[in-house]
Amino acid sequence: LAEIILPPVVCMCQFVLASWRDETMRLDFLLRDQLQAQRRKLNAENEKSEDLLKSMLPQAIIDSLKRHEPVECQDFSNVTVIFVQVCDFAQMCSVLPPTTIVQMLDKVFQELDRLSDLLKVHKVETVGDVYMAVSGCPHEIANHADIAAHFAIAAQSSIVRMRASDVILPQGFQGRRL
């Protein structure tokens, strides 16, 4: 009797164990794929956070914050502060749709960010239609005023080029200052 019953029982047990093993391997594979996808998403979000921090703070302060070190206030006696403001902004807001205004400001501020990176000018912040930057800090520069002047001239040239190619203002606003 044992010779008749035992082989099918053993076969059934092997089948159940093989099915269980296959299911756990499939789940392990799916979970591994999900984990890799979540890691990719996390890395992308970390890069966005890093870019956001870099757009607001000097690298030395970011590094101190990451190391959980206190950030001490620094005093810079020789700096040049730069303000760039969009002319006739209130009038544009009263005539143009909000999405057009936001797109225009985004393009202008992206160009100013590009110039600030190129000329080593530190962007402090943007408020409404005003872009504030500083030359001479967080790294002291002897010719900070010259660099600020170059930034201003480059900003004006870039805006003129952008206006000429209708990149920043829609039809109907030609001839107005920006």
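Asp113 counts as partly exposed in this predicted model, at 24% relative accessibility. The cut-off for burial is under 20% relative accessible area, so Asp113 falls outside the buried class. The side chain of Asp113 meets that of Lys123 in a salt bridge, with an N to O distance of 3.5 Å. Asp113 belongs to helix α4, whereas Lys123 sits in strand β2 (residues 122-127). The pair therefore ties together parts that are 10 residues apart in sequence. Lys123 has a relative accessible area of 17% and is buried. This salt bridge thus joins a partly exposed acid to a buried lysine.

The structure holds eight salt bridges. Another of them pairs the side chains of Glu50 and Lys66, at 2.5 Å from N to O. Glu50 lies in helix α1 and Lys66 in helix α2 (residues 59-66), so this pair links parts 16 residues apart in sequence. Here the acid is the buried partner: Glu50 has 18% relative accessibility. Lys66 is partly exposed, with a relative accessible area of 47%. The two side chains also register as a polar contact, again at 2.5 Å.

Further contacts surround Glu50. With neighbours within four places in sequence left aside, Glu50 is in contact with Gln59, Ile62 and Lys66. Ile62 stands 12 residues from Glu50 along the chain. Their C-alpha atoms are separated by 8.8 Å.

A salt bridge also forms between the side chains of Arg67 and Glu69, at 3.0 Å from N to O. Arg67 is partly exposed, at 48% relative accessible area. Glu69 is partly exposed as well, at 35%. Neither value falls under the 20% limit, so neither residue of this pair counts as buried.

Attention now turns to the nonpolar interior. In soluble globular proteins, nonpolar side chains tend to be buried together. The largest nonpolar core of this model has 21 residues. Met104, Leu105, Leu112 and Phe151 touch the most other members. Two or more residues come from each of α3 (89-95), α4 (98-119), β3 (130-135) and α5 (144-164). Helix α4 gives the largest share of the core, seven residues.

Leu105 is one of the core residues with the most contacts to other members. Beyond its neighbours within four places in sequence, Leu105 is in contact with Val86, Phe89, Gly128 and Asp129.

Helix α4 also carries Ser116. Ser116 is buried, at 4% relative accessibility. Sequence neighbours within four places aside, Ser116 is in contact with Val121, Tyr131 and Phe151. Phe151, in turn, is among the core residues that touch the most other members.

Nonpolar side chains are also found at the surface. Leu27, Phe29, Leu30 and Leu31 form a nonpolar patch there. Together these four residues have about 370 Å² of accessible area. Phe29 is placed in helix α1 (residues 2-56), the helix in which Glu50 is found. Phe29 has a relative accessible area of 47% and is partly exposed. Residues enter a patch only with over 30% relative accessible area, so Phe29 meets that condition. Helix α1 thus holds both the partly exposed Phe29 and the buried Glu50.

Methods:
Residues numbered from 1 in each chain as written. Predicted model: local features only at pLDDT ≥ 70, side-chain atom pairs only at ≥ 80, totals over all residues. Heavy atoms only, no water. Patch = residues over 30% accessible without salt bridge, like charges linked within 9 Å, V, L, I, M, F, W, Y side chains within 5 Å. Areas by Shrake-Rupley, 256 points an atom, 1.4 Å probe, with all protein chains shown as cover. Helix = DSSP H or I, 4+ residues; strand = E, 2+ residues; numbered from the N terminus. Buried < 20%, exposed > 50% of the residue type's maximum accessible area, 1.4 Å probe, protein only. Contact = heavy atoms within 4.5 Å. Polar contact = N/O pair within 3.5 Å; in protein donor to acceptor, adjacent residues only side chain to side chain. Core = buried A, V, L, I, M, F, W, Y, C linked by side-chain atoms within 4.5 Å.
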